[in-house]
Amino acid sequence: MSAREIHGIGAPFGPAQPGAPENREFALIGKPTAKIDGLAKATGALQYADDIQLPGMLHAKTLRSPHAHARIRSIDVSAALALPGVHAVISGRDLPERYGVIPWTQDETALAVDKVRFIGDPVAAVAAVDEDTANQALRLIKVEYEPLYAYFDPRESLVRHDPVIHEDKKDGNISKHVELVFGDVEGELKASDLVVEDDYTFHGTTHAAIEPHCAVATQAADGLLTVWSSTQITHYVHRALAKVLGLDPARIRVVQPALGGAFGGKSDPFSLEFCVAKLAMITGRPVKMLWTREEVFYAHRGRHPMQLHYRTGVTKDGRIRAVDARILIDGGSYSSFGLVTTYYSGQLLTGPYDFPTYRFHSTRVFTNKPPCGPKRGHGSVQPRFAFEVQLDEVAERLGLDPIELRRRNFQGGHTRTVNGQRITSNGFLKCLEEVERASGWQQRRGKLGRGRGLGIAGSMYISGTNYPVYPNEMPQAGIQIAAERSGRVTVFTGGNDIGQGSNSMVAYIVAEELGLDLAQVRVVAADTDLCPVDLGAYSSRVTFMVGNAAIDAARKLRALIVEAVAAEWKVEQARVRLINGRVIDMQDSARSISSAQALQITEARHDTLGSTGSYNTPKLGGDYRGGTIGASPAYSFTAHVVEVQVCEETGRIRVERCWIAHDCGRALNPMIVAGQMEGSAYMGIAEALLEEHGVNRFGLHAGPSLLDYRIPTAIDTPELAARIVESLDPEGPYGAKEAGEGPLHPSIPAISNAVFDAVGIRLRHLPFTPGKVLEQLRTARAMTQGKQSGQVSRC
Amino acid sequence: MLRMPRFELLEPTTLEAALSALAERPEKSMVIAGGTDLLPNLKHELFTPERVVSLARIASLRSVRELDQGWLSLGAMLKLEEIAAHETLRRRYPALAQAASLVAGPQLRTMGTLGGNVLLDTRCQWYNQTYFWRQALGFCLKKDGTLCHVVEGGSKCVAAASNDTAPALMTLGAELVIVGPAGQRVVRIDDFWLADGAANKKLDPGEILVEIRLPPTTPGHRGAYGKLRMRDSIDFPLLSVAARVDLDSSGKVSHADLVIGALQARPVRIKKLDSVLAGVQTGGDAWKTAVSQAAELAYRQCHPMPNVPGDHEWRREMVPVYVRHTLESAVRGDGPVHGL
């Protein structure tokens, strides 16, 4: 793409300075700057979806299935409809068109048609004058169910297909199966000096974003439908609404208001978006639906539970020869992103270490549980956990330092993985070095006394992929800029700011390129009527893709400004520099005008000012089916060292500190990058020690509340030390890569590895509950009875 | 957000007015103190009162008063944070102050009251859920159903007493002052409980807990509170231990008491404790042995069930651990014990 080629990795002015620590040439990039919406968030002024109040607005509620698996024999809504204050009631037959974020696996409907597939599956929706009336009406809807056998164990779904959860699936209860082989895995395993083989379990977890899902819809007299939704994929919601409602997409507007967290939990089109739209169309009034926390737990799309089996073969000096994986993935009741998850479970493991041969065999099955989907580190956190624990065991068995083992297998930069992914910049060695030094690894590991230990793990992640969710040749990200004589520059982006700061990122880039004060730049985002398409905030693609598109658009506008001002001043263009809200002559310091004056000169000489820019990935990926899934224009790399204290009386693991080194290419704003790194590590640690998303023996969610789903509080959170590594990627915006998901991966295996250092047990099955720790400690003691002193670390 | 069901809220300024407000429809009325337990329970439709009578404006319920013979009176509307921070209480009744300091999180302790905590509804993973959830379950014995799900097909409600202050008050020999249409009655807190999770308190509709009275403690009184929970804030107890150790002037145990919470419908007093602790000189090896014996005693007498969320087998394993630490902590005077 031309945009990328003209950008380079340097500042807009002056020579690129790879490795220059002080980033002298940048005015804004690389500096800690407040988010552009930070004050509005802190003061409560920002508007979230639930803040929207429209005249005459109705409130909608959803009736949900109390059965895990059942056929719907009949639905009678007459009593609900007759309740005063009720304006409309809809059920599955009113919205029968299927959707699903992946075009090949569309198996969802807004409301259940004929069948329900988990407890909480939406069945009907009511719009009424207020929430209480809507709730009351829900209880008047009579649904007759014929319960069916329900599946809660993914191993059963592998072998039993009667009854089938999705009737039209050709493979029974199997959602997706992928088997990919790269090289002679069996031969290399045979030839290995050591093969470590084991089973690992990843339980389910969910996002628990603080803002529950909310959508508001209204239809204008001329038919134009507007939907505000707390989504991280405005564009896909736009497409899905058009399909399900049978409307021309040009007559639908989707807007994402300020968002209170998503983490992947808002990257599917959801039932409520279709329901509010349909109810608004039926009633002719605006309709809002705000889910309860419980409903958010049912909507789920969180991390897939996986049962993983790994075999790793190595030479005696610790070089990996073969990795063989077999993974069973519990998908829950619908496909969601499951096709991608199944690929990601294997495709994203092939770095930062060199695998000469590799095979994975991943199967996703349906069960009658809330549907799983993408959660921060989609599809790759679970295999990364298993593999990094296995790698630690390899190091132990070979008598090698675990960091040294990882170093020896480093794949290097500007290379290709065994499964055909192109690696560009790779700062993993530097990440290892940072956490090794910061944690005092060499002096402290193994020497902290029984009960305290250090553990390491590494990982890699994508900065977006070249696989758009639906095949098309159009740009993945677009930007439009409008500038006018007051000095105001507005940037229009389809990108979804979900709290990660992508709107701020766009503002920094445009301000940097046009030499503006940040206050001159406005960002209009995620409004399909106003903004060019961006595919959305998922796969850590936004900074890389939207950032590049922003540079592209801004440089086109800058070229106009430079040309106009140079002509006005009758100097060479190279002398014109745009910086800090001014335009200056580099050879005559007396000549300096404000950027507003420069825009006036440009507007007079050209026309009304604007520009567009875009980004698309180069052709990437292996030349085989699925070879483009997980193919990213750049990969981020991370290493963590975690320090734990294990109490052998209670089995409780305390993470005392976590050092996080992350190669994000270049930190466009180090404050936000560090925040993403800390937030990721926090989330990973929580998944390892506290959080568990599951169902009880009836298939009911085990505790759909923030009391029972225990996210750590501030005092449960360890000291987190973020150390940013900048490898300056050749294709990222100013060299930037992702920072929002990669830094989650290593925390979970690093805890297991630290526990081994502390008390000599290997935790292979998540979550690491104290009960499991005690059990393993007992087993370990029984096996070594007599050999050890019996010393126990007390709390 | 879950909706708050409709009810009539009265905010009387005198106890008499509160009593008469309740007396009109006692079965359909409820008292609200801090609301930290009642409001979520109302949203879950565990209770459906037509009238809610607030005690918040009755100033007399917020006092700490010295009574005759060294007794201390605590108004039922004292905030848990006030109990936790109260100097006299911390000195004379350390287990109570410590228990109050570990209830929920800081915001909830500034709303939640001592009386409200004593009267906390029993808790269970099959019960503290929304109406939808409970309906999908087919309800449970404690509310709207006929079966207990803690043990498959159970016919007795075993929801757990999860109030942190109750075990501490039991070790202190507290008395509850309750007023109702028939006047005032005083009941030993030990006699206040029933072994039924569905209704574990002897409190009639129309009655109000107004005061908690504490008998004097001696200078040799030692106490501590231990609480097992997954997070260091917010969570209800998975297990709680209130310990009392009274020492004579020579440092020997003259009397000891242990009450365990979050096991079943009522707090459980460990039996025969004095047989292992009484007369033991603290600090030495004999004390260590005695503490281990007390822990073993508690382990044998306590059987956590899968009523509250969490691994009940681990909760049982934690009984001796928390008993040992809480007893030791009581004597050292450095409680509370939590987050081990």
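**Exercises: cores, a helix face and a small sheet**

Skip its neighbours within four places in sequence, and A:Val510 is in contact (C-beta atoms, placed from the backbone, within 7 Å) with A:Ile481, A:Val489, A:Val491, A:Val521, A:Ala550 and A:Ala554. This is a predicted model, where local features need pLDDT of at least 70, side-chain atom pairs count only at pLDDT 80 or more, and totals for chains, interfaces and linings use all residues. Residues are numbered from 1 along each chain as its sequence is written, with chains lettered from A and ligands numbered from 1 in the order in which they are written.

**Exercise 1.** Find which helix gives the largest share of the largest nonpolar core.

Step 1: a nonpolar core is a set of buried Ala, Val, Leu, Ile, Met, Phe, Trp, Tyr and Cys residues joined through C-beta atoms within 7 Å; buried means 20 or more other C-beta atoms within 10 Å of a residue's own.
Step 2: the largest core has 228 residues, and A:Val510 and A:Ala550 are among those with the most contacts inside it.
Step 3: helix H16 (residues 542-569) of chain A supplies the largest share, 14 residues. Helices are DSSP runs of H or I, at least four residues, numbered from the N terminus.

**Exercise 2.** Work out how the buried residues of H17 (residues 595-605) of chain A are arranged.

Step 1: pick out A:Ser595, A:Ala598, A:Leu599 and A:Thr602, which are buried.
Step 2: looking down the axis of H17(A), these fall within an arc of 100° (directions from the axis to the C-beta atoms), so they line one face of the helix.

**Exercise 3.** Name the edge strands of the open sheet in chain B.

Step 1: the order is E1-E3-E2, with parallel pairing; strands pair if DSSP finds at least two bridges between them.
Step 2: E1 (8-10) and E2 (29-32) each pair on one side only, which makes them the edges.

How values were computed: A residue is buried if 20 or more other C-beta atoms lie within 10 Å of its own, exposed if 12 or fewer, and partly exposed in between; C-beta atoms are placed from the backbone. Helices (H or I, at least four residues) and strands (E, at least two) are DSSP runs, numbered from the N terminus. Two residues are in contact if their C-beta atoms, placed from the backbone, lie within 7 Å.
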